[in-house]
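Subject: Structure handover

Hello,

Here is the structure for you to look through. My notes on what was found in it follow below.

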Amino acid sequence: MVVRNKARLVAQCFCQKQGIDYEETFAHVARLEAIRILLAFVAFKGFKLQQMDVKSAFLNDYIEEEVYVRQPPGFESAKYPDWVYKLRKAQYDLKQAPRAWYATLKSFLLKSGFVMGSVDKTLFLLSHGGDTLIVQIYVDDIIFGGSSHALVSSFAEQMSREFEMSLMGELQFFLGLQIKQGPEGTFVHQAKYTRDILKIFDMGDSKPMTTPMSTNTTLDADEDGEAVD
């Protein structure tokens, strides 16, 4: 069921020429290994991770290059139909848009007192008194948590004032992972992905098994193997 339809104005990036319309395009994104390390760390510390999403992230960023676009179809000026627009900010589908967004967000976080990770450039840390706030970014998805509820709430309000944000509450889905946070620990699973795969092959009603192997198989000890605890 379609909940809502979204229309988005995009630029024709295939018309852009390197060195004229754009220079650098690389933008840092979090690696899956970094997310797993972060989940292990916050579970050890007893933090609760929250999630937020930046609405129209690529429209927040100022670009360095001089870029012109045609007037959108159906919105041409009757007085100046042959004129073009000069972009002040990035537009969806521009080759430099992801890099410009990362630079904008990084600049804001550093001005707010955060310290960027020396290895992972998408990890930002803020120390306030004896409390710590951790922020991990993946393009326009941001997960964050800390030792102080007041510090976490203050960061969410600060981000909402600077950008148009969608606060999604406690982290549940991120990069294909399902995350369940509870008092007994943090669990990572892919139940939805598994159900989708079963549904594709018409196996949604298959009988579930506690282990994906035969229970009657006898395993022999490896006499030549090294003993381990």
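Helices and strands here are DSSP runs, numbered from the N terminus; a helix needs at least four residues and a strand at least two. Please keep in mind that this is a predicted model.

With that naming, Val84 sits in the loop that runs between β2 (68-69) and β3 (85-86). Leaving aside residues up to four places away in sequence, Val84 is in contact with Tyr68, Val69 and Arg70. For Tyr68, the C-alpha atom is 6.4 Å from that of Val84, although the two residues are 16 apart along the chain. Val84 has a relative accessibility of 46%, so it counts as partly exposed.

Annotation

A UniProt record, from an unreviewed entry, annotates residues 2-214 as "domain: Reverse transcriptase Ty1/copia-type". In the model, that span is 25% helix and 23% strand, and its end C-alpha atoms are 42 Å apart.

Salt bridges

Side chains of opposite charge can pair when their charged atoms come close. How many salt bridges does a search of the whole structure find? The search gives four, and these notes cover three of them, taken in turn below.

Lys48 pairs with Glu170, with 3.8 Å between the closest N and O atoms. This pair links distant parts of the chain, 122 residues apart: Lys48 is in the loop between α1 (32-45) and β1 (50-54), while Glu170 belongs to strand β8 (residues 165-170). Both partners count as partly exposed, because the relative accessibility is 37% for Lys48 and 33% for Glu170.

Lys86 and Glu66 form another salt bridge, and here too the closest N and O atoms are 3.8 Å apart. Lys86 is in strand β3 and Glu66 in the loop between β1 and β2, so this salt bridge ties together parts that are 20 residues apart in sequence. Glu66 is partly exposed, with a relative accessibility of 47%.

The side chains of Arg31 and Glu33 also meet in a salt bridge, at 3.5 Å from N to O. Arg31 counts as exposed because its relative accessible area is 56%, against a cut-off of over 50%. Glu33, at 45%, is partly exposed.

Cysteines

How many disulfides does the count come to? The count is zero. Cys13 is in no disulfide, and the nearest cysteine sulfur to its own is that of Cys15, 8.4 Å away. Why is there no bond from Cys15? The closest cysteine sulfur to that of Cys15 is in Cys13, and 8.4 Å is too far for a bond, since a disulfide needs the two sulfur atoms within 2.5 Å. As for cover, Cys13 counts as buried because its relative accessibility is 17%, which is under the 20% cut-off. Cys15 has a relative accessible area of 46% and is therefore partly exposed.

Surface patch

Which residues form a nonpolar patch on the surface? They are Tyr193, Ile197, Ile200, Phe201 and Met203, and together they have about 540 Å² of accessible area. One of them, Tyr193, lies in helix α4, which covers residues 191-200.

That is the end of my notes.

Regards

Conventions. Residues are numbered from 1 along each chain as its sequence is written. This is a predicted model: local features need pLDDT of at least 70, side-chain atom pairs count only at pLDDT 80 or more; totals for chains, interfaces and linings use all residues. Side-chain values use heavy atoms; hydrogens and water are left out. Patches are made of residues with over 30% relative accessible area and no salt bridge: like charges are joined within 9 Å, nonpolar side chains (Val, Leu, Ile, Met, Phe, Trp, Tyr) within 5 Å. Accessible areas come from the Shrake-Rupley method with a 1.4 Å probe; for residues, only the protein chains shown count as cover. Buried means under 20% relative accessible area, exposed over 50%, partly exposed in between (1.4 Å probe, protein chains only). Contact means heavy atoms within 4.5 Å. UniProt positions are given in the numbering used here, feature names are shortened, and annotations may be inferred rather than shown by experiment.
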